Amino acid sequence: MASTHSHPGERAAQDPIRLLAIRDTPLSVDEVFRAVGDDAAGGTALFVGTVRNHDGGADVDTLGYSSHPTAETELRRVAEKIVAEYPVRALAAVHRVGDLAVGDLAVVVAVSCPHRGEAFEACRKLIDNLKNEVPIWKHQKFSDGTEEWVGV
């Protein structure tokens, strides 16, 4: 639960939602990490999701992400819920769309809070809610020639 800010340094000087995007270009961990920098934050948690070489026992060759036109609006709604629930100093989330190869960054999220425990919890909830609520779909192509849609 968001706490009462007793010290002036704990009050957010600006909107804590610093960066939200769905992009068809490569993602940058450094960009997301810089976006959540805040002098009043004692903890920053960062999650990086990458394309792995397998899923469900099958070898993955490539995959593609696509999104609904409302995806960025839904991403903002998810971020606003995290900010309302936790004492977030700064939050950032970017997700890739388009064709990706094994090892490519698919999603990068980060949250900074006054304390590490809050940062870990908020970051975990942010990525979980993003994956469950933002209309982004994954199309996997396997080495055996089969393919599947995930999240549709």
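1. Let's fix one term before anything else: a residue is called buried here when its relative accessible area is under 20%, exposed when that value is over 50%, and partly exposed in between. Please also keep in mind that this is a predicted model. With that cut-off, Arg89 is buried, because its relative accessible area is 6%.

2. What does Arg89 pair with? The partner is Asp38, and their side chains form a salt bridge with 3.0 Å from N to O. The two come from distant parts of the chain, 51 residues apart: Arg89 sits in the loop between α2 and β5, and Asp38 in the loop between α1 and β2. Asp38 has 19% relative accessibility, so this residue counts as buried too. Asp38 falls just on the buried side of the 20% line, so I'd word any remark about Asp38 with that in mind.

3. Staying in the loop between α2 (71-85) and β5 (90-96), have a look at Pro87. Pro87 counts as buried because its relative accessibility is 6%. Its C-alpha atom is 5.9 Å from that of Cys113, although 26 residues separate the two along the chain.

4. On to the salt bridges, nine by count. One of them joins the side chains of Lys81 and Glu133, at 3.2 Å from N to O. Lys81 belongs to helix α2 and Glu133 to helix α3, so this pair ties together parts that lie 52 residues apart in sequence. Is this pair buried or partly exposed? Lys81 is partly exposed, since its relative accessible area is 37%, and Glu133 is partly exposed as well, at 27%.

5. The Lys81 and Glu133 pair also has company. Both residues belong to a network of salt bridges that includes Glu74 and Arg77. I'd show these four residues together in a figure.

6. For a salt bridge inside one helix, go to Arg124 and Asp128, whose closest N and O atoms are 3.0 Å apart. Both residues are in helix α3, with their positions four residues apart in sequence, or about one turn of the helix. Arg124 counts as exposed because its relative accessible area is 57%, while Asp128, at 32%, counts as partly exposed.

7. Asn129 is also in helix α3, which runs over residues 116-133. Its relative accessibility is 10%, so Asn129 counts as buried. Which residues does Asn129 touch, if those up to four places away in sequence are left out? They are Val78, Lys81, Ile82 and Val134. Lys81 therefore turns up twice in this note, as a contact of Asn129 and as the salt-bridge partner of Glu133, a link that ties α2 to α3.

8. Now the largest pocket, which holds about 430 Å³ of space. Its lining is made of 26 residues, and those nearest the centre are Tyr65, His95, Lys131, Lys138 and Val150. Which element gives the most to this lining? That is α3, with five residues. At least two residues each come from β2 (43-50), β3 (54-55), β4 (58-67), β7 (105-113), α3 and β8 (136-142).

9. His95 deserves its own point. This residue is in strand β5 and counts as buried because its relative accessible area is 1%. Setting aside neighbours within four places in sequence, His95 has contacts that include Ala21, Ile22, Arg23 and Leu27, along with Ala106, Val107, Leu130 and Ile136. Tyr65 and Lys131 are also among the contacts of His95, and both are listed with His95 among the residues nearest the centre of the largest pocket.

10. Compare that with another histidine, His54, in strand β3. His54 is partly exposed, given a relative accessible area of 40%. Away from residues up to four places off in sequence, His54 touches Asp59 and Val60. From C-alpha to C-alpha, His54 and Asp144 are 12 Å apart in space, with their positions 90 residues apart in sequence.

11. Last, the surface. Phe33, Leu46 and Val48 make a nonpolar patch of about 240 Å². Phe33 is in helix α1, residues 29-35, and counts as partly exposed because its relative accessibility is 48%.

Terms used
Residues are numbered from 1 along each chain as its sequence is written. This is a predicted model: local features need pLDDT of at least 70, side-chain atom pairs count only at pLDDT 80 or more; totals for chains, interfaces and linings use all residues. Side-chain values use heavy atoms; hydrogens and water are left out. Patches are made of residues with over 30% relative accessible area and no salt bridge: like charges are joined within 9 Å, nonpolar side chains (Val, Leu, Ile, Met, Phe, Trp, Tyr) within 5 Å. Accessible areas come from the Shrake-Rupley method with a 1.4 Å probe; for residues, only the protein chains shown count as cover. Buried means under 20% relative accessible area, exposed over 50%, partly exposed in between (1.4 Å probe, protein chains only). Contact means heavy atoms within 4.5 Å. On a 1 Å grid over the protein atoms alone, a cavity is a set of points where a 1.4 Å probe fits but cannot get out, and a pocket is an open set with protein on both sides within 12 Å along at least five of seven lines; lining residues have an atom within 4 Å of a point. Grid points are joined across faces, edges and corners, and a volume is the space filled by probe spheres set on the points.
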